[in-house]
Amino acid sequence: AAGLRSRSNQPVFLGFRPQALHTPGPAAPAMSALVSLHVRVVEPLGESQDLLCSTPAGATVTARLSTVA
């Protein structure tokens, strides 16, 4: 987690598997490019780190960050 402090307020690119996406229902709010995540676990993997995160709605998201600048 200490290595992530230097990346604070920097962009992070996320990849989504197609099977994880779905069409929002008619009551869904307008789409936005902003995603709010709470990092639960950081898994160091050598040249990358997996961040296990959750959304405010409770969905689980895994993000992989390169540790190489």
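Leaving aside neighbours within four places in sequence, Ser54 is in contact with Ser36, Leu37, His38, Arg40 and Ala59. In this predicted model, Ser54 has its place in strand β2, and the residue counts as buried because its relative accessible area is 11%, below the 20% limit for burial. The side chain of Ser54 also makes a polar contact with the side chain of Arg40, at 3.0 Å.

The partner in that polar contact, Arg40, lies in strand β1, which covers residues 38-44. Arg40 counts as exposed, since its relative accessibility is 57% and the threshold for exposure is over 50%; the polar contact therefore pairs an exposed residue, Arg40, with a buried one, Ser54. When neighbours within four places in sequence are again set aside, the residues in contact with Arg40 are Leu52, Cys53 and Ser54. The C-alpha atoms of Arg40 and Thr60 are separated by 9.7 Å, with the two residues 20 apart along the chain.

With regard to the overall arrangement, the secondary structure consists of 1 helix and 3 strands, and the pattern read along the sequence is α-β-β-β. Of the 69 residues in the protein, 16% are buried. Among contacts between residues at least 6 apart in sequence, 17% join residues that are at least 24 apart. The protein exposes about 5800 Å², of which carbon and sulfur atoms supply 58%.

Strands β2 and β3 run antiparallel and are joined by 7 bridges. Within this pairing, Ser48 stands opposite Ser66 in β3. The hairpin formed by β2 and β3 has 5 residues between the strands, and in this hairpin Gly58 takes a positive phi near 95°.

In a regular strand the side chains alternate between the two faces of the sheet. Such an alternation is found along β3, where Val61, Ala63 and Leu65 point to one face and are buried, whereas Thr60, Thr62, Arg64 and Ser66 point to the other face and are not buried. The buried residues of β3 reappear in the largest nonpolar core, a set of 5 residues made up of Leu51, Cys53, Val61, Ala63 and Leu65. The elements that give two or more residues to this core are β2, spanning residues 48-54, and β3, spanning residues 60-66. Of these, β3 provides the largest share, with 3 residues.

A search of the whole structure finds 1 salt bridge. Side chains of opposite charge can pair when their charged atoms come close. The salt bridge is formed by Arg64 and Asp50, whose closest N and O atoms are 2.7 Å apart. The pair links distant parts of the chain, with Arg64 in strand β3 and Asp50 in strand β2, 14 residues apart. The two partners fall into opposite accessibility classes: Arg64 is exposed because its relative accessible area of 54% is over the 50% limit, while Asp50 is buried because its relative accessible area of 12% is under the 20% limit. Arg64 is also one of the β3 residues whose side chains point to the face that is not buried, the face opposite that of Val61, Ala63 and Leu65.

Conventions: Residues are numbered from 1 along each chain as its sequence is written. This is a predicted model: local features need pLDDT of at least 70, side-chain atom pairs count only at pLDDT 80 or more; totals for chains, interfaces and linings use all residues. Side-chain values use heavy atoms; hydrogens and water are left out. A nonpolar core is a set of buried Ala, Val, Leu, Ile, Met, Phe, Trp, Tyr and Cys residues joined through side-chain atoms within 4.5 Å. Buried means under 20% relative accessible area, exposed over 50%, partly exposed in between (1.4 Å probe, protein chains only). Helices (H or I, at least four residues) and strands (E, at least two) are DSSP runs, numbered from the N terminus. Contact means heavy atoms within 4.5 Å. Accessible areas come from the Shrake-Rupley method with a 1.4 Å probe; for residues, only the protein chains shown count as cover. Two strands pair if DSSP finds at least two bridges between them. A polar contact is a pair of N or O atoms within 3.5 Å; within protein, one must be able to donate a hydrogen and the other to accept it, and residues adjacent in sequence count only if both atoms are side-chain atoms. A salt bridge is a side-chain nitrogen of Lys or Arg within 4 Å of a carboxyl oxygen of Asp or Glu.
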